[in-house]
Amino acid sequence: MSESPVILKAQNVHKSYRMGATRVVVLKGVDLLVREGEFVAIVGASGSGKSTLLHILGGLDRPDKGLVQFQGRDVNRMSARELNRYRNETVGFVFQFYHLLDELSVRENVVLPAMISRSITGWLMMRRRARQRGEELLEQLGLRERARHKPYQLSGGERQRVAIGRALMNQPELLLADEPTGNLDSTTGSGILNVFDQLNQAGQTIVLVTHDERVARRAQRIVTLVDGRVKG
Ligand SMILES: Nc1ncnc2c1ncn2[C@@H]1O[C@H](COP(=O)(O)OP(=O)(O)OP(=O)(O)O)[C@@H](O)[C@H]1O
Ligand SMILES: [Mg+2]
C-alpha cells in the first residue's frame with residue numbers, strides 16, 4: 001500500500017516569547033510530517049511547547065522562524081483573508097476548556113462557525129444546509145436531547161462533544177485537539193477518545209496534544225517534544 005499524501009508539514013519551527021528582559025525559548029527547530037488520514041498524538045512535559053506548536057500549526061500563532069505548510073501551501077505567507085479561512089474552515093480546534101458561548105444554545109454553538117465564515121447573504125443562502133449539518137452532528141455526537149440546553153447546563157463530557165461538533169461544522173480537513181480530555185474523568189475522557197477514533201476511522205486527520213501517555217496511546221503514532229524539538 002502506498003503512503004497517503006502529506007497534509008501538514010512543519011520544518012525547523014522556532015518560537016520564543018519575550019518576558020520583559022528575558023526570553024523564553026520554547027520551540028528550537030521542530031520538524032513534523034502528518035499524512036492524510038493519520039491520527040497523531042504529540043506528547044511532552046508541561047511547558048514543553050505542545051500548545052504553542054498546535055497554535056502555530058493551526059495558524060493561531062506565527063513561528064519566529066521555520067516553515068508550516070498545509071497541502072503544500074505556506075501558512076505563514078497566507079493573506080489575512082486566506083488565514084481566516086484556514087482557521088475557520090480548513091482546521092477545526094478542540095480545546096481543554098471547551099470555550100463555548102454560554103449565551104448560545106448547544107445547537108447554536110455547533111452551527112456558529114458556518115455563520116462566521118459567511119456574509120449575511122451568503123448565510124441566508126446556505127442556512128438550511130448548515131442547520132441540517134448541525135442536526136446531523138448533534139445526532140452523531142449523542143446531543144439531540146440537549147440541543148436547546150445552554151453550555152452551563154451540560155456535563156463536561158457533553159460540553160466537549162459540543163466543542164467537537166463546532167470544530168467539525170465546516171468539515172475541516174484537519175482536526176487539532178489540545179488536551180481534549182484534560183478536564184474530564186477517565187470514563188468520560190475515554191468516551192471522547194472513542195469519538196476521535198470513530199472520526200479517524202471515517203478518514204478524519206487528527207493531531208492531538210496531551211501530556212497523558214494513556215491518551216496518546218489511542219493515536220496511531222506518537223511524537224514526543226523534548227527540549228523544543230521532536231525526539232528521535
Ligand atoms: N504568551 C506567552 N508569553 C510568554 N510565555 C509563554 C506564552 N505562552 C507560552 N509561554 C511559555 O512557553 C512554554 C510552553 O508553553 P505551552 O503552553 O506551549 O506548553 P505545553 O506543553 O502546552 O504545557 P501544558 O502541558 O502545561 O499545557 C511555557 O514555559 C510557557 O510559560
Ligand atoms: Mg498546553
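## Exercises on a predicted model

Strand β3 (residues 39-43) and β8 run parallel and are joined by five bridges. The model is predicted, and the exercises below start from this pair of strands.

**Exercise 1. Place β8 in its sheet, and find which residues of β7 and β3 pair with it.**

Let's begin with the β3 side: Phe39 has Ile206 as its bridge partner in β8. Now turn to β7, which is joined to β8 by five bridges and runs parallel with it. Here Leu175 stands opposite Ile206, and the chain gets from β7 to β8 by way of α6 in a right-handed β-α-β crossover. A further bridge links Leu176 with Val207 of β8.

Next, zoom out to the sheet. It is open and mixed in its pairing, with six strands in the order β6-β7-β8-β3-β9-β10. β6 and β10 (229-230) are at the edges with a single partner strand each, so one side of each has no neighbour in the sheet.

**Exercise 2. Decide how far β8 (residues 205-210) is enclosed, and check each face.**

A helpful first step: side chains in a regular strand alternate between the two faces of the sheet. Sort the residues that way, and Thr205, Val207 and Val209 fall on one side, with Ile206, Leu208 and Thr210 on the other. Both sets are buried, which leaves both faces covered. Six of the six residues are buried, so the rest of the structure largely encloses β8.

**Exercise 3. Test the length of helix α5 (residues 156-168), then work out what surrounds it.**

Start with the length. The helix has 13 residues, and at 1.5 Å a residue they should span 18 Å. The end C-alpha atoms are 18 Å apart, so expectation and model agree.

Then look at burial, for which the cut-off is 20 or more other C-beta atoms within 10 Å. Twelve of the 13 residues pass, so α5 is largely enclosed by the rest of the structure. Among them are Gly157, Arg161, Ile164 and Leu168. Finally, ask what does the covering: it includes β6 (91-94), α3 (106-116), α4 (120-140), β7 (174-178) and α6 (186-201).

**Exercise 4. Describe the shell around ligand 1 by residue, element and character.**

Of the 13 residues around the ligand, those that come nearest are Tyr17, Ser46, Lys50, Ser51 and Thr52. Two or more residues come from each of β1 (6-19), β2 (22-35) and α1 (50-57). The top contributor is α1, with three residues. By character, the shell has eight polar residues, four nonpolar and one charged.

How values were computed:
Residues are numbered from 1 along each chain as its sequence is written. Chains are lettered from A and ligands numbered from 1 in the order in which they are written. This is a predicted model: local features need pLDDT of at least 70, side-chain atom pairs count only at pLDDT 80 or more; totals for chains, interfaces and linings use all residues. Helices (H or I, at least four residues) and strands (E, at least two) are DSSP runs, numbered from the N terminus. The expected span of a helix is 1.5 Å times one less than its number of residues. Two residues are in contact if their C-beta atoms, placed from the backbone, lie within 7 Å. A residue is near a molecule or strand if its C-beta atom, placed from the backbone, lies within 6 Å of it. Ala, Val, Leu, Ile, Met, Phe, Trp, Tyr, Cys and Pro count as nonpolar, Asp, Glu, Lys and Arg as charged, and the others, Gly among them, as polar. Two strands pair if DSSP finds at least two bridges between them. A crossover is right-handed if, with the strands pointing away from the viewer, the path from the first strand over the helix to the second runs clockwise.
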